[in-house]
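Hi,

Here is the structure I promised to pass on. Have a look at it first, and then read my notes below.

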Amino acid sequence: MNELAERVEKLRRQIEYHAKRYYVDDEPEISDFEYDKMYAELVRLESEHPELDDPASPTHRVGGVALDKFEKVAHAVPLNSLSDVFSFEELRDFLTRVAPILPHAAYSVEPKIDGLSVALRYENGVFVGGATRGDGQVGEDVTSNLRTIYTIPMKLAEPLTLTVRGEVYMPRAVFEKINQKREAEGQSLMANPRNAAAGSLRQLDPKIAAERKLDIFVFNLQQGDLYADGHAPETHTEALDRLAELGFKVLPNRTLASTAEEIEAHIEKIGAMRDDLGFDIDGMVVKIDKLSDRVILGEGTNTPKWAVAYKFPPEQKRTKLLDITVAVGRTGVLTPTAVLSPVRLAGTTVSRATLHNEDFIHERDIRIGDVVTVQKAGDIIPEVVASHRETRTGVEEVYFLPRICPCCGEPAMRDGDEGAAIRCTNSACPAQLSRSIEHFASKGAMNIEGLGPQVVEALLSANLIRNVADLYTLRAKEVADLERMGEKSAQNLIDAIERSKSAGLERLIFALGIRSIGEVAATALAARYKTLENCFAATREELIAIEDFGEITADYVLNFFSHEPNVALCRRLIELGLVTEAVAAPTGDKLAGLTFVLTGTLPNMTRDEAAARIRAAGGKVVGSVSKKTSYVVAGEEAGSKLTKAQALGVPVIDEDGMLAMIEGTQ
């Protein structure tokens with residue numbers, strides 16, 4: 001048995017060593033076949049001899065059981081965020097505030113990885129758990145999913161007890177490969193590597209998380225000892241170097257600097273390298289290096305006073321405008337799209353960008369063949385922002401949108417009440433039908449997973465559907481016969497369509513695609529008329545009386561329900577068993593008169609569920625932050641809405657704070 005135990009331990013050491021060479025060092029020493037052979041032998045031996053099992057074994061990286069939900073974890077040391085600066089001038093203001101207190105301070109200048117922040121806990125050198133940042137005080141236990149990340153050591157080089165903080169991210173190459181596969185399967189594409197990483201780490205099934213091949217950079221010691229004798233590192237740089245010795249993959253491309261000029265030079269250097277990195281960064285972090293100096297500066301309410309995050313401005317690139325294509329939207333609007341010579345921009349390869357409308361093109365004198373500047377900020381769709389007339393050779397072409405619909409051949413006319421929009425006059429235009437079905441199935445509407453543009457086109461081409469109601473009469477066998485579907489994908493789609501029946505009246509009204517009716521207006525309509533059938537008899541006076549409705553919005557609703565084909569479609573949806581009644585009236589008034597905005601991922605419920613709880617307590621949920629907003633409910637990885645709330649001084653609460661208000665305990 002001793003020989004067997006030694007063999008198991010040897011295999012574990014070899015597998016961990018070669019995993020580090022492959023995943024961390026990017027210098028594999030053996031083939032995948034040899035690695036897989038060793039791994040298979042270890043799995044067999046542990047299975048045959050369970051008494052030799054070890055929680056730190058590499059075979060435990062992928063758990064076998066999916067979770068029902070993520071448990072909450074209170075962070076022993078808060079995972080605070082950083083104050084943002086958006087220019088070198090603001091950065092120098094920070095340095096100027098520090099200088100009188102620490103005139104000779106050194107700063108660590110390092111990349112700000114665009115991912116999901118986590119805390120990793122080790123006891124006696126063994127990985128015992130990890131959690132997302134959450135609101136900084138409480139996160140979610142994602143230990144099973146973190147085990148699937150091979151750059152997280154299951155066992156440290158020394159038996160130390162500590163907690164470290166890192167940023168989980170999805171490598172660009174992995175992100176692009178996943179999107180290629182999703183596109184081929186007709187699924188919606190992931191927006192960017194950051195969202196993809198966040199979604200992957202929050203999968204309840206660790207096997208799915210493992211397939212996403214996430215990675216991590218560790219950037220901080222949160223708590224505990226880095227040395228067996230208990231002495232502490234003096235600087236942040238020493239701490240990171242020591243973490244690397246222990247087996248962690250630590251932040252790359254960092255430097256020490258003492259002056260504003262040195263700091264700015266390194267920021268510019270790394271900024272110029274962004275396209276060549278295998279991961280996304282959205283800025284640089286500038287932090288005091290000496291740990292005792294950080295204590296002198298102290299902490300603010302939510303952010304430390306010894307560090308700031310410099311955010312890169314919206315990235316712009318020059319490229320050539322090769323052509324302009326026209327798409328017909330679900331409301332018939334003709335939208336021009338620039339076809340570009342591919343360029344790497346904000347973490348993705350961009351070959352198309354919006355041109356908005358004909359007036360936009362002419363105001364900026366954008367011509368086919370021009371050299372143009374393209375911009376993409378965060379998740380925003382790429383757009384052409386300028387043309388460079390000085391580069392013209394005389395072959396460039398002035399562009400006008402067609403006055404004949406490129407899809408159905410019917411006239412297209414300028415929309416009088418929207419000015420710039422040019423719209424197809426044929427309500428039966430096939431392009432409008434396709435886009436309408438895609439909108440109906442979208443996440444904010446009926447949320448029919450798997451019903452992407454390619455699948456919609458395939459269903460239409462096969463004459464299996466003529467409108468959204470036909471979706472609910474589809475059979476798995478019919479769908480399975482479509483190209484690139486198969487029985488499993490077909491059944492998954494049918495199941496998703498069936499689930500969507502219970503989406504509710506608010507989502508259904510939004511899904512119908514009535515002009516000017518977004519999610520908030522759809523909720524207001526549902527609250528006013530209670531059932532879809534009641535909407536048929538709505539009057540102009542009633543509609544105008546609805547809060548935030550104007551005459552134009554009221555006219556759009558009246559116009560939609562005055563067309564018999566639209567009413568017939570709605571009646572068919574009712575007959576097919578969709579939920580067409582509004583949720584019950586508010587059961588409480590704890591939130592009466594208060595307006596909420598939801599942002600980020602909440603720990604224990606979806607934003608839709610949270611919105612329902614708020615409305616049931618008499619509150620109102622809107623989509624954007626303004627001075628009139630009472631509270632912003634912020635979850636994991638909240639974005640621009642949180643930033644705006646902070647700028648306007650709007651109170652920010654988490655899920656627990658929201659529930660406490662609903663339950664009357666706050």
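**Helix 3 and the five-stranded sheet**

Helix 3 and helix 9 (residues 260-273) pack with 11 Å between their axes, at an angle of about 140°. That angle makes helix 3 oblique to helix 9. The crossing of helix 3 past helix 9 is right-handed. Before going further, bear in mind that this is a predicted model.

Which residues meet there? From helix 3 you have Phe88, Leu91, Arg92 and Leu95, and they meet Ala260, Glu261, Ile263, Glu264, Ile267 and Glu268 in helix 9. Sorted by class, the contact of helix 3 with helix 9 has six nonpolar and four charged residues, with no polar ones.

Helix 3 (residues 88-98) also lies across four strands: strand 2, strand 3, strand 10 (281-288) and strand 11 (307-311). Against strand 11, helix 3 runs at about 170°.

Those strands belong to an open sheet of five, in the order 2-11-10-3-9, with mixed pairing. Strand 2 (83-85) and strand 9 (255-257) are at the edges; each has a single partner strand, so one side of each is left without a neighbour in the sheet. On average, and ignoring direction, neighbouring strands of this sheet are turned by 35° against each other.

At the strand 9 edge, strand 3 (residues 107-113) pairs with strand 9 in the antiparallel sense, over three bridges. If you want a residue to start from, try Val109, whose bridge partner in strand 9 is Thr255.

**The four-stranded sheet**

Further along the chain there is another open sheet, this time of four strands in the order 20-19-21-22, and its pairing is parallel. Which strands are at its edges? They are strand 20 (620-622) and strand 22 (652-653), each of which pairs on one side only.

Strand 19 (residues 595-599) runs parallel to strand 20, and three bridges join the two. Here Val597 has Val622 of strand 20 as its bridge partner.

Helix 23 (residues 640-648) lies across strand 19, strand 21 (631-634) and strand 22. Relative to strand 19, helix 23 runs at about 135°.

**Helices 22 and 24, and a loop lysine**

Helix 22 (residues 607-616) and helix 24 (residues 655-663) have axes that come within 10 Å and cross at roughly 25°. That makes helix 22 roughly parallel to helix 24, and the crossing is left-handed. On the helix 22 side the contact is made by Ala610, Arg613 and Ile614, and on the helix 24 side by Met658, Leu659, Ile662 and Glu663. By class, this contact of helix 22 with helix 24 has five nonpolar residues, two charged and no polar.

Ile662 turns up again with Lys590, which lies in the loop between helix 21 (564-575) and strand 19. How far apart are Lys590 and Ile662 in sequence and in space? They are 72 residues apart in sequence, yet 5.8 Å apart in space, C-alpha to C-alpha. Leaving aside neighbours within four places in sequence, Lys590 is in contact with Ala617, Met661, Ile662, Glu663 and Gly664.

**Helices 12 and 13**

One more helix pair is worth a look. The axes of helix 12 (residues 430-441) and helix 13 (residues 453-461) come within 10 Å and cross at roughly 130°. Helix 12 and helix 13 are therefore oblique to each other, and helix 12 passes helix 13 in a right-handed crossing.

Helix 12 contributes Leu433, Ser434, Arg435, Ile437 and Glu438 to the contact, while helix 13 contributes Pro453, Val456, Glu457 and Leu460. The classes in this contact of helix 12 with helix 13 are five nonpolar, one polar and three charged.

**Confidence**

The chain has a mean pLDDT of 87, and 94% of its residues reach 70 or more. Where in the chain is confidence lowest, and where is it highest? Helix 2 (residues 32-48) is the lowest, at a mean of 78, and strand 9 is the highest, at 97. As a reminder, where pLDDT is low, the predicted coordinates should not be read in detail.

Over to you now.

Cheers

Definitions and conventions:
Residues numbered from 1 in each chain as written. Predicted model: local features only at pLDDT ≥ 70, side-chain atom pairs only at ≥ 80, totals over all residues. Heavy atoms only, no water. Axes fitted to C-alpha atoms, helices over the stretch in contact; angles between N-to-C directions. Parallel < 35°, antiparallel > 145°, perpendicular 65-115°, else oblique. Left-handed = near helix turned anticlockwise from the far one by under 90°. Contact = heavy atoms within 4.5 Å. Nonpolar A, V, L, I, M, F, W, Y, C, P; charged D, E, K, R; others polar. Pairing = 2+ DSSP bridges. pLDDT = per-residue confidence, 0-100.
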